[in-house]
Amino acid sequence: MGQRRTASGSYTFHDVLVKPEEVLGPPLANGASTTLKSLIALLGQTFVYLGIAEGALEAAKRYTTTSARAWIASDVETATQDPFILLCYGQMWAELQAAIALAHQAAEALQAGWEKGTDLMAEERGEIAIAMASARAIAIQTGLKITTHIFDGMGARATAANYGFDRYWRDLRTFSLHDPIDYKFKDIGNWMLNQQYPTPSQYS
């Protein structure tokens, strides 16, 4: 979709000497605290998703207040008085605030875990991972919804290429595919029903 520099790809090494003491071992082998770095990276990406959604909503608001037109059947003079446009913006703003709050909740859990250092237990690390999966999944879900529905609040003319409003959806859609949302919800469901925490990895 035209997005560049997403840093995707793999590297393969051949004939590299690895000494036994250099092998890290399975997840949690060196303590739960050593696996938090991946969650820090995931938190940063989660706030990028939310930032894209915030940017899209703000750009749409500017367009609606300056250029959009009320629908012919709305019986109002301006787009900012159109009841369905008001409904659209109200829903988008409220859902974004909920997603941001969830991300801050995950950030607080991660900070608390980080401050425990080597005293952090595997179960506590698992709780943080679930909080992160929840925040990440909802950030993606909400962001994709907002970057799609801004056009309901702006109207057909806003789809013109010169505005470039589609870039918000394209960026979020591409970035979020690097960590599929379905696996976040799967991890959460497995924890809810089977009390199984996600296995620590670069994505969990």
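Which helix supplies the largest share of the lining of the largest cavity? I will come to that in a moment, after saying that what we are looking at is a predicted model, and that residues are numbered from 1 along each chain as its sequence is written.

Let me begin with the cavity itself. A search of the whole structure returns one cavity of 30 Å³ or more, and the volume of this largest cavity is about 40 Å³. The answer to the opening question is helix 3, which contributes four residues to the lining. Helix 3 spans 122-154, and along with helix 1, which spans 36-66, and helix 5, it is one of the helices that each supply at least two lining residues. The lining is made up of Leu39, Leu42, Ala129, Met132, Ala133, Arg136, Lys184, Asp187, Tyr203 and Ser204. Sorted by class, that gives six nonpolar residues, one polar residue and three charged residues.

Two of these lining residues, Arg136 and Lys184, lead us to the salt bridges, of which a search of the whole structure finds seven. As a general point, side chains of opposite charge can pair when their charged atoms come close. Here, Asp179 forms a salt bridge with Arg136, and the closest N and O atoms of that pair are 2.5 Å apart. Asp179 sits in the loop between helix 4, residues 166-176, and helix 5, whereas Arg136 belongs to helix 3, so this pair ties together parts of the chain that are 43 residues apart in sequence. Asp179 also meets Lys184 in a salt bridge, this time with an N to O distance of 3.3 Å. Taken together, Arg136, Asp179 and Lys184 are linked in a network of salt bridges.

Are the members of that network buried or exposed? Asp179 counts as buried because its relative accessibility is 2%, Arg136 is likewise buried at 2%, and Lys184 is buried at 3%.

I would set beside this another salt bridge, the one between Glu58 and Arg62, where the closest N and O atoms are 3.9 Å apart. These two residues are four apart in helix 1, and so they are separated by about one helical turn. As for their surroundings, Glu58 counts as partly exposed, with a relative accessibility of 37%, and Arg62 also counts as partly exposed, at 48%.

Let me return to the cavity lining and take up Ser204, which is found in the segment after helix 5, the helix that covers 181-194. Ser204 is buried, since its relative accessible area is 10%, and the cut-off for buried is under 20%. Its side chain makes a polar contact with the side chain of Ser201, at 3.0 Å. If we leave aside the neighbours within four places in sequence, Ser204 is in contact with Ser38, Leu39, Leu42, Arg125, Asp187, Pro198 and Thr199. Among these contacts of Ser204 are Leu39, Leu42 and Asp187, and those residues also appear in the lining of the largest cavity.

Which residues of helix 4 are buried? They are Tyr168, Leu172, Thr174 and Ser176, and what covers them includes helix 1 and helix 3.

Helix 3 also holds Met154, which is buried, with a relative accessible area of 3%. Setting aside the neighbours within four places in sequence, Met154 is in contact with Ala60, Tyr63, Thr64, Ala68, Tyr89 and Phe165. For a sense of placement, the C-alpha atoms of Met154 and Ala73 are separated by 16 Å, these residues being 81 apart along the chain.

Finally, a word on the segment before helix 1, where we find Ser10. Ser10 counts as exposed, because its relative accessibility is 72% and the cut-off for exposed is over 50%. The C-alpha atoms of Ser10 and Arg173 are separated by 21 Å, with their positions 163 residues apart along the chain as counted from one to the other.

To close, the points I would keep in view are the cavity of about 40 Å³, with helix 3 giving the largest share of its lining, and the salt-bridge network of Arg136, Asp179 and Lys184.

Methods. Predicted model: local features only at pLDDT ≥ 70, side-chain atom pairs only at ≥ 80, totals over all residues. Heavy atoms only, no water. Buried < 20%, exposed > 50% of the residue type's maximum accessible area, 1.4 Å probe, protein only. Polar contact = N/O pair within 3.5 Å; in protein donor to acceptor, adjacent residues only side chain to side chain. Contact = heavy atoms within 4.5 Å. 1 Å grid on protein atoms, 1.4 Å probe; cavity = no way out; pocket = protein on both sides within 12 Å on 5 of 7 lines; lining within 4 Å. Points joined across faces, edges and corners; volume = space filled by probe spheres on them. Nonpolar A, V, L, I, M, F, W, Y, C, P; charged D, E, K, R; others polar. Salt bridge = Lys/Arg side-chain N within 4 Å of Asp/Glu carboxyl O.
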